[in-house]
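Trainee: I've just opened this one and I'm lost. Can you walk me through it, and tell me where each label comes from?

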Amino acid sequence: MDVSGAQQAGPPFYPDKTRMLVYLDGDGREQAIAEAGDWTKRRAHILANMQLVMGPLPDRSRLAPLDMEVLDTEEPPGVVRQRVRFVSEPGDRVPAYLLIPKGLEGKAPAMLCLHQTTEIGKGEPAGVGGKPNLHYGLELAKRGYVTLAPDYPNFGDYEFDPYEQGYMSATMKGIWNHMRAVDLLQSLSEVDAERIGCIGHSLGGHNTLYAAAFDTRIRVMVSSCGFNSFAKYYGGDLTGWSHRGYMPRIADAYGKDVKRMPFDFTEVVAVLAPRAVFVNAPVNDGNFEVSGVRDCIDAAAPVYALLMAGDQLVAVYPDAGHDFPPDVREQAYAFVDGVLKRR
């Protein structure tokens, strides 16, 4: 796998990552963003700065055949659930659960369902174990969506060392796999290739944003307990983001220093505009302090307004901990319906 893909050389560094409606020109001078065409310049800088930390997105011009294989099939009420594997890159097969609603008529919308940090990985969103509040892959399938829940590297049934294969982070390997998962969904005869979204909680919550930042085929995103601004993540201690399961360069290249970081989640959320984003940010989340989530939403909102999509960025702040309560899931599903089931 070639992971030396085209990465914008030397993107400018933005000290204040809350001011979205400016970009730095080739001479390093700050320019105001007053129209959509100007935003594309800042957006490109954000994606390039993300890759400084995550490593470059691999070249997608020569993709290996997906070669999906079905390992077994079961039929819980209303759905067919298959344990599958698909080729992400030569020599690597990603385990996943594929759930297809029974009685489909025509092509259905699809949702990529990303798991939290849990040993069983994909099994939790697919409804085969774990917390019932995180069975969103099964619940969405019962609502008429084709859903795909893959394992993140070294969870569930998936053992893979991204660093041995030239990746600079497990995060970028995850992004690559999730883009390949979208390829798989688009290849299925049951799926409408133009109606695909992504949902995840915690680990899956930020991986949803990362995947969608690089893959504009993802039309709607639901991120539950997935992020806040780096400055408010455990008081600015980025240790949790810098281990080998995420992005070691946060420590190795940037000293876990918030002020040196090339990107922040304020920018990641903004990059998604004008696509639809639903954020679940409980006020008692011990992982992602809620005022840091509000900072990200507030920073991204002007970009959504510029692109005439102010109603497409929605955040709710339930009185809960690090969880995805039933009433909030219903709100999230209705939001997704409004994007992917609207004709």
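Mentor: Sure, we'll take the whole protein, then two helices and one loop residue.

Mentor: This is a predicted model, where local features need pLDDT of at least 70, side-chain atom pairs count only at pLDDT 80 or more, and totals for chains, interfaces and linings use all residues. Residues are numbered from 1 along each chain as its sequence is written, and side-chain values use heavy atoms, with hydrogens and water left out.

Trainee: How many helices and strands are there in the protein?

Mentor: There are 8 helices and 11 strands. Those are DSSP runs numbered from the N terminus: H or I for helices, at least four residues, and E for strands, at least two.

Trainee: What makes the protein as compact as a globular protein of its length?

Mentor: Its radius of gyration is 19 Å, and the globule rule gives 20 Å for 343 residues; the two are close, so the label fits. The radius is taken over C-alpha atoms, and the rule is 2.2 Å times the number of residues to the power 0.38. Those C-alpha atoms fill a box of roughly 60 × 40 × 35 Å along the principal axes.

Trainee: What share of the residues count as buried?

Mentor: 59% of the 343. Buried means under 20% relative accessible area, exposed over 50%, and partly exposed in between (1.4 Å probe, protein chains only).

Trainee: Why is E159 called exposed or buried?

Mentor: E159 has 75% relative accessibility, so it counts as exposed. You'll find E159 in the loop between β7 (146-150) and α3. Its C-alpha is 9.7 Å from that of P95, though 64 residues separate the two along the chain.

Trainee: How do you know that α3 is largely enclosed by the rest of the structure?

Mentor: 16 of its 18 residues are buried, so that description holds for α3. Helix α3 (residues 170-187) reaches 25 Å from its first C-alpha to its last, close to the expected 26 Å. The expected span is 1.5 Å times one less than the number of residues.

Trainee: And what makes α4 largely enclosed?

Mentor: 12 of the 12 residues of α4 are buried, so α4 earns that description too. Among them are H206, Y210 and F214. Helix α4 (residues 203-214) reaches 17 Å, close to the 16 Å expected.

Trainee: Which elements do the buried residues of α4 pack against?

Mentor: They pack against α1 (36-54), β6 (108-114), α3, β8 (191-201), β9 (220-224) and α6 (265-271). Contact here means heavy atoms within 4.5 Å.
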